[in-house]
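This report covers charged side-chain pairs and their exposure. Please keep the sequence and the model in view.

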Amino acid sequence: MMMFPAKTVFFSLCCFTLLVASSCKKNDNPSGSATVSTTVTSGTWKVTYYLERDADHTSSFAGYTFTFNSNGTVTAVKTGDTVNGTWSAGNDDSRVKFILNFIAPDPFREISEDWRVTERTNNKLRLEDTSGGDDHIDYLTFEKN
């Protein structure tokens, strides 16, 4: 009977385990951050729902058209008014995040959050943000124009 050194057996088992683990990786998120980025940079968008602390603030964004540029900038335009900000998409704790940042004015400052993507289609992006202080959930929905 042929004997293998313990180091060789251990190394072989480690390699086999890594091979199996990497080949069995499950895609739990088919709408990953790259897909979200591709979606939002296509066309223009509007806010169709914004609920903050159980109060509907959707009307604060009435008439604004959002353009998410591939360079990470976002522009919200309404007749006579332009608001600039930044956006990005990424992963945090295996969840897809959509991060908005507007310096001013309110209500844009209020939607400056790291939102969790709960739904993404070619025409809709649904987002949630859970407050750290009292665990209330804010909701924001963008739909393509």
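## Arginine 116 and glutamate 128

Arginine 116 is partly exposed, at 25% relative accessible area. Its partner fares otherwise: glutamate 128 has a relative accessible area of 18%. It counts as buried because the cut-off is under 20%.

The two residues form a salt bridge, with 2.7 Å between the closest N and O atoms. This pair links distant parts of the chain. Arginine 116 sits in strand β7, residues 114-120. Glutamate 128 sits in strand β8, residues 124-130. Twelve residues separate the partners. Note that the model is predicted.

## Arginine 126 and glutamate 119

Arginine 126 pairs with glutamate 119 in another salt bridge. The closest N and O atoms lie 2.7 Å apart.

How exposed is each partner? Arginine 126 is partly exposed, with a relative accessible area of 34%. Glutamate 119 is partly exposed too, at 30%.

## Aspartate 106 and arginine 109

Aspartate 106 forms a salt bridge with arginine 109. Here the closest N and O atoms are 3.1 Å apart.

Aspartate 106 has a relative accessible area of 45% and is partly exposed. Arginine 109 is partly exposed as well, with a value of 41%.

## Whole-structure count

How many salt bridges does a search of the whole structure find? The search returns four. Among them are arginine 116 with glutamate 128, arginine 126 with glutamate 119, and aspartate 106 with arginine 109.

Note on methods
Residues are numbered from 1 along each chain as its sequence is written. This is a predicted model: local features need pLDDT of at least 70, side-chain atom pairs count only at pLDDT 80 or more; totals for chains, interfaces and linings use all residues. Side-chain values use heavy atoms; hydrogens and water are left out. A salt bridge is a side-chain nitrogen of Lys or Arg within 4 Å of a carboxyl oxygen of Asp or Glu. Buried means under 20% relative accessible area, exposed over 50%, partly exposed in between (1.4 Å probe, protein chains only). Helices (H or I, at least four residues) and strands (E, at least two) are DSSP runs, numbered from the N terminus.
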